[in-house]
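Welcome to a short tour of one protein model. Please have the viewer open, and turn the molecule as you read.

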Amino acid sequence: MHHSTRSNLVAVYGTLKRRYPNHFLLQESEFLGLDRVHGIVLYDLGLFPGARVEGSAEVGVEVFAVSVETLQLLDELEGYRPEAPASSYFMRTLFPSRFGDVWIYTFNNSVEGLDIVASGSW
């Protein structure tokens with residue numbers, strides 16, 4: 001697993017974005033800018049979206065430089081368990097972005113019967 005010595009870059013696409021309910025977890029983090037990440041399909045999970053690594057679609061993201069402590073808080077929110085990633089609700093997956101490699105939380109459950117967010121933006 002890749003860990004930066006300075007900070008981790010995280011790309012968010014749902015409730016962690018600015019002006020959304022969980023953004024408070026990123027308020028101490030540096031906002032780097034917007035990007036579109038390829039190879040992800042966004043699904044509507046109801047109250048929040050879930051990204052899946054599939055196809056050639058792309059997702060609009062906000063990229064932040066976060067501390068190790070903030071990354072741990074995000075892991076808790078997303079149900080990511082580094083010690084047991086396969087049984088996590090969301091996985092943490094590295095993707096290339098214009099800011100360098102970014103962590104994106106990807107949905108680790110069935111998407112059968114769920115609607116795709118065709119625009120790629122939540």
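Which residues touch the most other members of the largest nonpolar core? They are Val-10, Tyr-13 and Ile-104, out of 32 residues in that core. A nonpolar core here is a set of buried Ala, Val, Leu, Ile, Met, Phe, Trp, Tyr and Cys residues joined through side-chain atoms within 4.5 Å. Buried means under 20% relative accessible area, exposed means over 50%, and partly exposed lies in between, with a 1.4 Å probe and protein chains only.

Before going further, a word on the model and its numbering. This is a predicted model, in which local features need pLDDT of at least 70 and side-chain atom pairs count only at pLDDT 80 or more, while totals for chains, interfaces and linings use all residues. Residues are numbered from 1 along each chain as its sequence is written, and side-chain values use heavy atoms, with hydrogens and water left out.

**The core and its strands**

Two or more residues of the core come from each of strand 1 (8-12), strand 2 (30-44), strand 3 (49-66), helix 1, strand 4 and strand 5 (100-107). Strand 3 gives the most, with seven residues. Helices (H or I, at least four residues) and strands (E, at least two) are DSSP runs, numbered from the N terminus.

The strands also pair, which in this report means that DSSP finds at least two bridges between them. The table gathers three such pairs.

| Strands | Sense | Bridges | A facing pair |
|---|---|---|---|
| Strand 1 and strand 3 | antiparallel | five bridges | Asn-8 and Val-66 |
| Strand 2 and strand 3 | antiparallel | 13 bridges | Val-37 and Val-59 |
| Strand 4 and strand 5 | antiparallel | eight bridges | Arg-92 and Tyr-105 |

Strand 2 and strand 3 form a hairpin with four residues between them, and Gly-46 in that turn has a positive phi of about 110°. Strand 4 and strand 5 form a hairpin too, with two residues between them. Another bridge partner to look for is Ala-65 in strand 3, which is matched with Glu-30.

**Two core neighbourhoods**

Strand 5 is mostly covered, as six of its eight residues are buried. Ile-104 touches Ala-11, Tyr-13, Val-37, Ile-40, Met-91, Arg-92, Thr-93 and Phe-95, leaving out residues up to four places away in sequence. Contact, or touching, means heavy atoms within 4.5 Å.

Now find Phe-64 in strand 3. Is Phe-64 buried or exposed? Phe-64 has a relative accessible area of 2%, so it counts as buried. Not counting residues up to four places away in sequence, its contacts include Asn-8, Leu-9, Val-10, His-23, Glu-30 and Phe-31. Phe-64 and Glu-30 are 34 residues apart in sequence, yet 5.4 Å apart in space, C-alpha to C-alpha.

**The largest pocket**

Next, look for an opening. Rolling a probe the size of a water molecule over the atoms shows where empty space is left. The largest pocket has a volume of about 200 Å³. Of the 14 residues that line this pocket, the closest to its centre are Thr-15, Phe-48, Leu-77, Glu-78 and Phe-90. Strand 1 and helix 1 are the elements that give two or more residues to the lining.

A pocket is found on a 1 Å grid over the protein atoms alone, as an open set of points where a 1.4 Å probe fits, with protein on both sides within 12 Å along at least five of seven lines; lining residues have an atom within 4 Å of a point. Grid points are joined across faces, edges and corners, and the volume is the space filled by probe spheres set on the points.

Leu-77 lies in helix 1 and is partly exposed, at 36% relative accessibility. Beyond its neighbours within four places in sequence, Leu-77 is in contact with Leu-16, Asn-22 and Leu-25. Leu-77 and Asn-22 are 55 residues apart in sequence and 8.9 Å apart in space, C-alpha to C-alpha.

**Two loop residues**

Arg-19 sits in the loop between strand 1 and strand 2, and counts as exposed because its relative accessibility is 74%. Arg-19 has a positive phi of about 70° although it is not a glycine. Most residues other than glycine have a negative phi.

Pro-85 is placed in the loop between helix 1 (68-78) and strand 4 (90-97). With a relative accessible area of 29%, Pro-85 is partly exposed, and it touches Tyr-80, Met-91 and Asn-108, not counting residues up to four places away in sequence.
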